[in-house]
Amino acid sequence: MPETKSTCCYCGVGCGVIIEHEDGRITGVRGDPDHPANFGRLCTKGSTLHFSAAPETLAARATHPELRVSREQARQRVTWSAALDQAADRFAGIIREHGPDAVAFYGAGQWLTEDYYVFNKLAKGLVGTNNIDTNSRLCMSSAVAGYKMTLGADAPPACYEDIDHTDCLFITGSNTAYAHPIVFRRIEDARKARPGMKLVVVDPRRTDTAEAADLHLPILPGSDVALYNAMLHLMLWEGWVDRDYIDAHTEGFDAVKRVVREYTPAMAATLCGVPKKDIELAAEWFATAPATLSMYCQGLNQFRFGSHNNAALINLHLATAQIGRPGAGPFSLTGQPNAMGGREVGGLANLLSAHRDLASEADRAEVAALWGLDEVPASPGRAAVDLFKGLDSGEIKAVWIACTNPAQSMPDQTLVHRALAKAEFVVVQEAFAGTETCRFADLVLPASTWGEKEGTVTNSERRITRISAAVAPPGEAKADWRIGVEFAHRLGDALGKGDTARRMFPYETAEAVWNEHRESTRDRDLDITALSYQRLESEGPIQWPCTADEPQGRSRLYADGHFETPSGRARFVVCEHQVTSESPSSRYPLHLITGRLRDQWHGMSRTGNVARLYSHEPEPMLHMHPDDLTRRGLADGDLVRIRSRRGTATLKVLATTTVRPGQCFAPMHWGGNAMGGLGINILTEGSCDPYSKQPELKHAAIQVERLASGPSLVALRRTRAGDSEALDTLARLRPLLGDMDYVSLTLAGREDPVVVLKLHDPDIPEALIAEIDRVLGLDKPEEVLSYQDARRGIAKRARMDGDTVAAVRLAGETRAAEWLADVVVSGSPAAALRPWLFAPLTQPPTGQSARGKVICNCFDVSENEIRDALAGGETLDALQARTRCGTNCGSCIPELKRLAAASPRPA
C-alpha cells in the first residue's frame, strides 16, 4: 500500500505521520518513528486522522466554488474563473472607492508556510494594507511579544530534547496532558528515567497534568505575575540569583528588583490564593535545580496582560541563568500546527517577513526591495479583535477569511456575528463547508486540507518539516497558496496593476514560494538559507537557524549569552500584578475558565466529524464544583443557563472537584454547530493585551442558574459506517433548532456513528418534533413503535432494524435516554428490550449499568468498566494487559492512574 510522510494537523508539537492511501483514498495513519517530535507516537486525535478524511466525510467538505449575488439568495455553484473574477471586482471596487485599508484578510495557523507567505505578500505588497491577521493572534501573540520584549526575537530557545535533561520542569498555563499529549508522554518517560526530576504545575484547575505534579499551585485566574514576582523576590532574598550572568548578559535588572521587593510570598499567597510555603518551594526548586525548563501555553497568553505573564516568567530564567543549555529555558508550546511558520513569514498585522518589524523603516525597506516595490505600508494593520470591530463599524467593507472559523473561535460572538452580517462582501476559503463562518459567506472557495497539501510547517521547537500530498483534494478544491496567486493576478488586472501582480506572484509550485521565503531569512536570526526541499525530504525535519556555518541547525539558542537585542543583552521587563478584565461581582459571581478537551480540537470542523472523538466528553458541559451546585440548588446533570455581560449559553452541568469553589470550566470547542445559541465564546470578551493585541479568551465573569433537570427531548439515530448519513443528518438538523432554550447536537459510537440530539424548551412545537422524526427516519407510523400520552405531554417513537434499535425519539419524558444511547451505540441485539423501550427507567431492565464515558478511545474501554475491574481486585497492570487500555497513544494514562489511586481495594 502506498505511504506518504506528513505531519499531524492539530497542535504545534508537529508530530510526524505516515499516511497510508490507496486508489486516491486515505486508508490509515500511524506515527512516523523517525520524526524527532514524536518518534512514532500519536495522540487520540492524530491516530484517528484517517477517519476525518474517510470518504463518508466528503459530505462535510467544500468541493466547488459557491457564490450568492444577494444576501436574500442561497449560494449557487460557479466556476473558479467566475468566482475569482467576482472577488477581484468586489475587492478592487472597494479599494478604489475607500482605499486599501477598507479590505482585510484573516487566516490561520493551519496554513502552511507557503500559504502564509503568499497571502502576506498579497495584502501588504499588492493591496497595500497591513490588515492581515490570523487566528494565531488568539493563541500565541503574547508569547511572541514576551520573547521579543525579553530576548529580542520571537525564537523559542529550548527544544523537546530538553525534557530529557531538565531537573525541574515548570509547567504553567498549560494542561499539557490534554493539549499536547505527545509532549506529556515524553515528560512521563523522562520522569521514569530520572526519578529525581521535579514537576511543578501552575494551573487554577486540578487537570490531569496537575495530578501528575510533585507540586501543584492552583492560583486564582490571572495572578501569574504576582506568583513569578514573589518567586523572584525569594530568589533575591535567598541569594539564588546568578549575579555573574545578570551582569554579563542582561540589562534592566535593577528596575525589576525594585518592583519585586514588594512582592513577598505572603502578599502573593493572598493574591494567588495558594499557600505561602508552596510559593517558596516552587521558587527553591526553580532556582536551585541544575537545569529548569518552563513550558507554557494559553493559560499565560490569553489574558489582557498576557505579554507580561510571559515576560515575568522569562525574568526568572534570566535571573537564575536557566537558559541556553540542556534542560533549561522558557519554552512556549504552540497551539496550532504552523503558528510558528506564520510568525516566520510575518503573517500578522504588525509583522513583516523573517522576523522583521513593521515599525522599522529599515525592515520595511528590505521587504520592499525583496518584493520589488518602492515601499510597503508603515501603519500597523488591524489585529483580530480590531479587524472584526472594523467590520462592525463599517470601516472595513470586505473580508477574506481562510482556513479558520471566527464565528466560533473569536471572543464576543455577538459582535462577530453582527460584523459578518454587516460586511459588504465576505469570502470564506475553507475545506469544510459547514462551519459557523460559512453561513455568512457570499463566496465560498474550496481549499485542500490535511493529506492533500504540499509545503512546510514549523513546530514549537523551530523544526521545519516538509509535507507531501498523499491524495488529490476532492472536487475542485485547490491549495491555499494557489488560490492566493490566482486571485492576485485577477486583482492586479482589476486595479490596473496586472504586470506588477504577475511579476510579484510568478509561482508555479509551492517550492518556488518557499524558496523566496528562504531568501528573505538570509542573515536573520531564523536564517534557513542552507535548507532546501530536497534536504528536508532526504534528511528529515531540521531546526532553524540552519546556515552554511550550522548546516544541521541549532537545537538551543543563546548558549553564548548573546541575544537579539541592539545591545546583545537580554532585557528584564518590569511587570506588575493586574486583575482580569472582569472580576466576579454580586451579579456575576463566578470565574469562567476556558480550555481544551483531550479528544477535540479548536472549532471541531474536523474532529467533530469523527464519532469516536466524542466518547471522552460526549456533549457540551460546564464543569462546576459540588459546593457551588449545592448553593444554587443544582444537581449533577442539570441543565443550566450561563450569563455573562455579553450573552447566554445553556449547557449540562458536571459536578467535579477539578475546579475550586467559585470557578467553572467550559471547553472552548463548542460552537453553534454543537449547541444552542452562538457557543461558548458568546460569554468571553475582547479586551486585549496592549502589546500583543491578544484577547482575554481564557476568563470571564459569569452567573449560573438552573434551567431544568434534563432535556425534554432526546433523539438518537444509528447510521451505517462508510457513508455520509451521519454528517448529512447533522446538517439537516442544525437549521431546525435555533429557537430552543437548550440544544446539544453531537455524535457517538465508533464504526457506526450515532447522531445524538438533546433539546429542552417549555413548549417544543409539534411541527418541530415531526420534522425531527422525518430527518431521523421515524416519520412512517407503519415502520415504528410508538407511545403517546397526550395528557402528560409524552410522545415516544423507536425504529428497529431487525433486532437492533436503529432510532429512538423521546419527548416529554427522557429518563431512559442514557441506557438507550448505549443500546443504540452498541448495535447489540435488543429484541428482549422491546417491551421496555418506552418505560421511564433510569437503568436498563436487564440489570447492567450504563457504560459511562470512554477513557481509552483507542480500545473503547469505559470508565465504569475500569472502576468495576479495579474494585474487583484487578491491578492496573493486569487491566491494561487484558483490555490494552493506555498501551497505544497513552493519552488516557493520567486518568487511568487517577482511577487506580482512587479505587477502593477489596477486603
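A residue counts as buried when its relative accessible area is under 20%. The exercises below apply to a predicted model.

**Exercise 1.** Determine whether W111 and F119 are buried or exposed, and describe how their rings are arranged.

*Solution.* Step 1: the relative accessibility of F119 is 0%, so F119 is buried. Step 2: W111 has 1% relative accessibility and therefore counts as buried. Step 3: the model contains 21 aromatic pairs. W111 and F119 form an aromatic pair with 5.0 Å from centre to centre and 20° between the planes. Step 4: planes under 30 degrees apart count as stacked, and the pair of W111 and F119 is stacked. Step 5: one aromatic cluster contains W111 and F119 together with F91, F105, Y116, W400, F425 and F487.

**Exercise 2.** Identify which rings lie beneath R205 and R462.

*Solution.* Step 1: R205 places its charged end over the ring of F665, 3.6 Å from the ring's centre. Step 2: for R462, the ring is that of W544, with 5.6 Å to the ring centre.

**Exercise 3.** Assess whether the protein chain is as compact as a globular protein of its length.

*Solution.* Step 1: the chain has 31 helices and 36 strands. Step 2: its radius of gyration is 27 Å, and the globule rule gives 29 Å for 907 residues; the two values are close, so the chain is as compact as a globular protein of that length. Step 3: the C-alpha atoms fill a box of roughly 80 × 70 × 60 Å along the principal axes. Step 4: 64% of the 907 residues count as buried.

Note on methods:
Residues are numbered from 1 along each chain as its sequence is written. This is a predicted model: local features need pLDDT of at least 70, side-chain atom pairs count only at pLDDT 80 or more; totals for chains, interfaces and linings use all residues. Side-chain values use heavy atoms; hydrogens and water are left out. Rings of Phe, Tyr and Trp (its six-membered ring) pair if their centres lie within 6.5 Å; planes under 30 degrees apart count as stacked, over 60 as edge-to-face and the rest as tilted. Buried means under 20% relative accessible area, exposed over 50%, partly exposed in between (1.4 Å probe, protein chains only). A charge sits over a ring if NZ of Lys or CZ of Arg is within 6 Å of the ring centre and within 35 degrees of the ring normal. Helices (H or I, at least four residues) and strands (E, at least two) are DSSP runs, numbered from the N terminus. The radius of gyration is taken over C-alpha atoms; the globule rule is 2.2 Å times the number of residues to the power 0.38.
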